[in-house]
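Please look through the model below with a first-year student's eye, and then follow the questions and answers about it.

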Amino acid sequence: MTSNLLPLPTVENKPNSICAIATTPAAFTALAPFCSATQTPLWIPSALVSSPVPSLGLTVKVYEGTLRQALEQLWPQHQALVFGLATGAVVRLIAPLLGSKATDPAVVVVDEAGQFAISLCGGHQGGADQLARTVAHYLEATPVLTGSAHHRNLPGIDVLGTPWGWVRGAGNWTGVSAAIARNQPVQVLQEAGSTLWQSALPAEHPFQFGWPEESNPTEASARVWISPIQRRFAEEGPPKVQWHPRVLWVGIGCERGTSQALIDLAITQVFAANHLAVGAIAGIATLDLKADEAGLVGLCQERGWPLRCFSSEQLKAISVPNPSSVVQNAVGTPSVAEAAALTAAHSSAQSVLAEAPQTANLAELRVTKQVIRQEDQPGAVTVAVAQADQEYTGRTGNLWLVGTGPGSLDQITPAAKAAINQADAVIGYALYVDLIRPLLRPGQIVEALPITQERQRAERAIALAHWGLTVAVISSGDCGIYGMAGLVLEQLKTLNWDGTRPGVQVFPGISALQSAAARVGAPLMHDFCAISLSDLLTPWDVIQRRLEAAAQADFVVALYNPKSKTRTQQIEVAQEIFLRHRAPETSVALVQSVYRPEESVQVTTLAEMLQHPIDMLTTVLIGNRSTFTYAGRVITPRGYLGQV
Ligand code: SAH
């Protein structure tokens, strides 16, 4: 397990890094499970090195001197710190270091007994609430979150746009958060960006969308703008804030050798004159000849903007308001700035999202071409701005393919729990989503789809991940055993996936054959195989051949998908095949809805197995020639006590 399970908001100039600090052996022991599972370095004072601390494959680092001195180094270098220390001590230690909540690292405190993970500081923007939940999963502790939004099952208003890479603009963030905490009505005016967050709100929320109807003009206590426009708010009146989804593509044309400062100035001037927020810039678009233009490349690097370059062939196909024959003669397209802005905005809008409208007019010019020069600077810059339908997130998405085990929450691995809780979006079959609902957190996008729509589920997950979201795709049992993992990877292959974008991680789960076996004893002690009797995707003759081969080779066999309402014959044929190779009294276990409230376990024989109920929630375990039943347990000898 790597620490990329701990995605914290990207903070400029700080690596995505977490460290933990323990000053006593007890605190060391309490933090160890979290640190070893996530490869988080654990700092200890040199005085503790000689103490008999258990070594658990941890990365232990030692500081000399006082913790106060050590923190002066650690604080600016990290995005999050996890202390195994009394909250009072931590408060005193970090007090002199606190700056602003937009830049401070997240601070989580764990008590020495490892019972609580307290989000002390940087709950929303720093990601401490999220980190406290993750730490709690690994320590099996209780997360302690004291922010009001969490308690009301609402996403924090200051982290609302984080999954989509929106940029926080100017405004009274504290005032708006306070209004939400007081449960006062908050007006939301969303002019751009994803509205998925609205679908993730609880039934009771304080938001009113759009302007109030004239007939019912309730005065909102606070206002949230979600828009590419830069608004200046008056001091008086209700508190207001603005988020800027990155929907604006800036088309740039410039003479060779134009300075970075002039390009920067040109963009700033055009944005100011048109009341557009620089935060709403998705990226820069230009002609491919400019891909190495030093000023442009430097500016993009400095601001973290992608530079999209298009050929003159591509650009000349775009119809623009201000074509120029001079430009046409020079570079082979009548427009660079306008055409490039439109092309970039257009292609970003097409980014695989199923619900994005597939019309030709996906982008519009927000600012037509403007030429900016400055007397003391060489060169000239042409700027045009186009607005995309869909925001550029600037994030690399992830697909986390998660096995949720047989049913009950305590049969899920801590890593899988943490993944589900961390993801921006959770996608799965409705029944399994319901089973893991207690693991979800406020603001998460949850999409439960019917059982037959596996392909749609995978496509949707991939689309969201391409866009920049971290998506947990959940399957019951193990995700890679008749689950979603293979399908998602196969589909990625058809999309020419490069292996890294989006990132893919598979989280194993306890498969039905393991849990069924656990319930009846130890039937899988010798060579075994799984065969699914569902012929929806596999031809029946292939299944029959495998049944025959497994029966003949004396494998213990787990039958998945044994019988549905309409598919009743297959299990009968399977029994016949096994009866040809094994004795009628061969042990068979029928395990239904294992680890769920409706669980039922039946130990029977090959001859009598069909006299008991078998359905789609049953796993059938058929013993080999040595398997026996004793005291209600099904046991397959391994050979320790003699020849098998
Ligand atoms: N990925 C899952 C399997 C999905 S196929 C896993 O690894 O377990 C669905 C089949 O799995 C069902 O038809 C049934 O045979 C088996 N199954 C899934 N959950 C089960 C449960 N809780 N109890 C018994 N069988 C189960």
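**A guided reading of the model**

H78 is buried, as its relative accessible area is 9%, where buried means under 20% relative accessible area, exposed over 50%, and partly exposed in between, with a 1.4 Å probe and protein chains only. This is a predicted model, in which local features need pLDDT of at least 70 and side-chain atom pairs count only at pLDDT 80 or more, while totals for chains, interfaces and linings use all residues. Residues are numbered from 1 along each chain as its sequence is written, and side-chain values use heavy atoms, with hydrogens and water left out.

Q: Which residue offers its backbone oxygen to the side chain of H78?
A: H78 sits in the loop between α2 (67-77) and β4 (80-84), where helices (H or I, at least four residues) and strands (E, at least two) are DSSP runs numbered from the N terminus. A polar contact is a pair of N or O atoms within 3.5 Å; within protein, one must be able to donate a hydrogen and the other to accept it, and residues adjacent in sequence count only if both atoms are side-chain atoms. At 2.9 Å, the side chain of H78 reaches the backbone oxygen of L74.

Q: Is R455 buried or exposed?
A: R455 has its place in helix α15 (residues 454-467), and its C-alpha is 7.5 Å from that of L487, although the two are 32 residues apart in sequence. The relative accessibility of R455 is 55%, so this residue counts as exposed.

Q: Which residues of β25 are buried on the side that does not hold V556?
A: Strand β25 covers residues 556-560, and five of its five residues are buried. On one side these are V556, A558 and Y560, and on the other they are V557 and L559.

Q: What is the handedness of the crossover from β24 to β25?
A: Strand β24 (residues 528-532) runs parallel to β25 and is joined to β25 by five bridges, and two strands pair if DSSP finds at least two bridges between them. Within this pairing, S532 has Y560 as its bridge partner. The chain passes from β24 through helix α18 (residues 540-552) to β25. A crossover is right-handed if, with the strands pointing away from the viewer, the path from the first strand over the helix to the second runs clockwise, and this β-α-β crossover is right-handed.

Q: Which residue of β28 stands opposite L559?
A: Strand β28 (residues 618-622) pairs with β25 in the antiparallel sense, over three bridges. Opposite L559, β28 places V620.

Q: How much of the area that the ligand exposes when taken alone does the protein bury?
A: The ligand is surrounded by 19 residues, the closest being I481, S511, A512, M616 and T618, where a residue is near a molecule if one of its heavy atoms lies within 4 Å of it. An oxygen atom of the ligand is 2.8 Å from a polar backbone atom of D478, and a nitrogen atom of the ligand is 2.9 Å from a polar backbone atom of V594. Taken alone, the ligand exposes 550 Å² (accessible areas come from the Shrake-Rupley method with a 1.4 Å probe, and for residues only the protein chains shown count as cover), and the share of this area that the protein buries is 94%.
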